[in-house]
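Here's a quick tour for anyone meeting this structure for the first time. Have a look at the sequence and the model, then read on.

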Amino acid sequence: MLDVAVIEEPAAAEASLDPIRAGILAALAEPGSAAMLAGRLGLPRQKVNYHLKELERHGLVELAEERRKGNVTERVYRATAASYVISPNVLAALSPDPSRSPDQLSARWLLALGSRLVQEVGSLLTGAARAGRRVATFGIDAEVRFASAADRAAFTEELAQAVAALVGRYHDEAAPQGRTHRVVVGLHQIPATAAGPGHTQASDPEAEQEN
């Protein structure tokens, strides 16, 4: 089972968003048969079996094993991943385009960058899985608490300069065997609902302005 799978087909995305099928996917973090899932979810076995077939058809669940019980063969399924992300590719022409209105101070532009990140890395993962290869990536996740909006502005300025200097040092447009990589750095306030224990989110009118 994968930790995260990216859904790139509209039909598969539609299947995953159905409340009953989403519940089945969550329940299949542990393998189970239609009868077992029916008991866990309080649904008729026939209904669960129907939804299982649809999820299997879209590659969201897979057969884990078959158990013979007398004259009956019990099919045990598992989810293909522990969690799923729906790629912006599903929206086709409606997916965000960061080149449309680049603005480093825009929350919507940051969201567009994030959407492109999911789209591109998802495509890489899909291709790598088919080829049986790994994807070379790197990520940093950190939290910083600013004392003031001025400190935040100074931090972003220094960060932008540091990234620009690194890119300028290592970028080689003429490298014949070079591979182009994308560097994305984002900074955003953690929503109060997502803040962990011990975190308090003070009101910050400047941070809440429409961009």
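What follows is a short briefing, starting with the whole chain and moving on to its parts. Keep in mind that this is a predicted model. The chain has six helices and five strands, and a radius of gyration of 23 Å, where a compact globule of 211 residues would come in near 17 Å.

**The chain as a whole**

- Reading from the N terminus, you'll meet the elements in the order β-α-α-β-α-α-β-β-β-α-α.
- If you boxed up the C-alpha atoms along the principal axes, you'd need roughly 70 × 50 × 30 Å.
- How much of the chain is buried? Of its 211 residues, 20% count as buried.
- Take the contacts between residues at least 6 apart in sequence: 58% of them join residues at least 24 apart.

**The sheet**

- Three strands make up an open sheet, in the order E2-E4-E3, and their pairing is antiparallel.
- Strand E2 (32-33) and strand E3 (61-69) sit at the edges, each pairing on one side only.
- E2 is joined to strand E4 (residues 72-79) by two bridges, and these two strands run antiparallel.
- Looking for a landmark in that pairing? Ser33 stands opposite Val76 in E4.

**Helix H4**

- Helix H4 covers residues 45-57, which makes 13 residues.
- From its first C-alpha to its last, H4 reaches 18 Å, close to the 18 Å expected at 1.5 Å a residue.
- Which residues of H4 are buried? They are Val48, His51, Leu52, Glu54 and Leu55.
- These buried residues cover an arc of only 165 degrees around the axis, so they lie on the same side of H4.
- As background, an α-helix has 3.6 residues a turn, so residues three or four places apart point the same way.
- What do the buried residues of H4 pack against? Their partners are helix H1 (10-17), helix H2 (19-27), helix H3 (34-41), E3 and E4.
- On the face turned away from the buried side, H4 carries the exposed residues Gln46 and Arg57.
- After H4 comes Gly59, with a positive phi near 75 degrees.

**Salt bridges**

- How many salt bridges turn up in a search of the whole structure? The search finds seven.
- The general idea is simple: side chains of opposite charge can pair when their charged atoms come close.
- Arg67 forms a salt bridge with Glu65, with 3.2 Å between the closest N and O atoms.
- Arg67 counts as partly exposed at 32% relative accessibility, and Glu65 is partly exposed too, with a relative accessible area of 37%.
- The side chain of Arg67 also meets that of Glu74 in a salt bridge, at 3.8 Å from N to O.
- Is Glu74 buried or exposed? At 14% relative accessibility, Glu74 counts as buried, because the cut-off for buried is under 20%.
- Glu66 pairs with Arg75 in another salt bridge, where the closest N and O atoms are 2.9 Å apart.
- Glu66 is partly exposed at 47% relative accessibility, while Arg75 is partly exposed at 29%.
- Through salt bridges that share partners, Glu56, Glu66 and Arg75 are joined into one network.

**Two residues to look up**

- Ser115 has its place in helix H5, which spans residues 107-131.
- At 16% relative accessibility, Ser115 counts as buried, because that value falls under the 20% cut-off.
- What does Ser115 touch? Leaving out residues up to four places away in sequence, Ser115 touches Pro88 and Pro96.
- Ala26 has its place in helix H2.
- Ala26 counts as exposed, because its relative accessibility is 56% and exposed means over 50%.
- Ala26 and Ala79 are 53 residues apart in sequence, yet their C-alpha atoms are 8.0 Å apart in space.

Terms used:
Residues numbered from 1 in each chain as written. Predicted model: local features only at pLDDT ≥ 70, side-chain atom pairs only at ≥ 80, totals over all residues. Heavy atoms only, no water. Pairing = 2+ DSSP bridges. Helix = DSSP H or I, 4+ residues; strand = E, 2+ residues; numbered from the N terminus. Salt bridge = Lys/Arg side-chain N within 4 Å of Asp/Glu carboxyl O. Buried < 20%, exposed > 50% of the residue type's maximum accessible area, 1.4 Å probe, protein only. Expected span 1.5 Å × (residues − 1). Arc of directions from axis to C-beta. Contact = heavy atoms within 4.5 Å. Rg over C-alpha atoms; globule rule 2.2 N^0.38 Å.
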